[in-house]
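Me: I should be grateful for a close look at a single part of the structure shown below. Please set that part in the context of the rest of the chain.

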Amino acid sequence: MLDQPTAAHRTTTVEKGPFTHATCTCGWRGPARRARDRARRDAAEHSPAGA
């Protein structure tokens with residue numbers, strides 16, 4: 001029997017008005033940011049590989 005692979009962290013950004021925040025399939029949510037680039041960086045830093 002094969003082992004089930006661990007769930008991958010899949011991140012995305014969500015915009016609400018002037019703010020953007022990163023979210024992940026694991027349930028994590030980053031802080032609200034005005035800069036989309038910073039929200040994307042939060043998402044990259046959250047992923048296990050940091051990529």
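**The cysteine sulfurs and their setting**

Reply: The closest cysteine sulfur to that of Cys26 belongs to Cys24 and lies 3.6 Å away, which is too far for a bond (a disulfide needs two cysteine sulfur atoms within 2.5 Å). The structure as a whole holds zero disulfides. Cys24 accordingly takes part in none, its nearest cysteine sulfur being that of Cys26 at 3.6 Å. The two residues may also be described by their accessibility. Cys24 is buried, with a relative accessible area of 10%, whereas Cys26 is partly exposed at 46% (buried is under 20% relative accessible area, exposed over 50%, partly exposed in between, with a 1.4 Å probe and protein chains only).

The model is predicted: local features need pLDDT of at least 70 and side-chain atom pairs pLDDT 80 or more, while totals for chains, interfaces and linings use all residues. Numbering starts from 1 along each chain as its sequence is written, and side-chain values rest on heavy atoms, without hydrogens and water.

The chain has one helix and two strands, arranged along the sequence as β-β-α (DSSP runs numbered from the N terminus: helices are H or I with at least four residues, strands E with at least two). Of its 51 residues, 20% are buried. Cys24 closes the run of residues assigned to β2 (19-24).

Thr20 is also found in strand β2. This threonine is buried, with a relative accessible area of 3%. Setting aside residues up to four places away in sequence, Thr20 touches Thr13, Val14, Glu15, Pro31, Ala32, Arg33, Arg36 and Ala39 (a contact is heavy atoms within 4.5 Å). Ala39, one of these partners, is buried in α1, as are Asp42 and Ala43. These three cover an arc of only 95° around the axis, so they lie on the same side of α1. The buried residues of α1 pack against both β1 (11-16) and β2.

Asp42 belongs to helix α1 (residues 36-46) and has a relative accessible area of 7%, so it counts as buried. Beyond its neighbours within four places in sequence, Asp42 is in contact with Ala22, Trp28, Pro31 and Arg33.

The loop between β2 and α1 contains Arg34, which is exposed at 62% relative accessibility. Arg34 and Thr20 are 14 residues apart along the chain, and their C-alpha atoms are separated by 6.1 Å. Not counting neighbours within four places in sequence, Arg34 is in contact with Pro18 and Phe19.

Across the whole chain, among contacts with a separation of 6 or more, 10% join residues 24 or more positions apart. The mean pLDDT is 84, with 78% of residues reaching 70 or more (pLDDT is the predictor's confidence in each residue, from 0 to 100). Residues 1-5 have pLDDT below 50, and beyond near neighbours in sequence this stretch has zero contacts in the model. Predicted coordinates should not be read in detail where pLDDT is low.

Notes:
The arc is that of the directions from the helix axis to the C-beta atoms.
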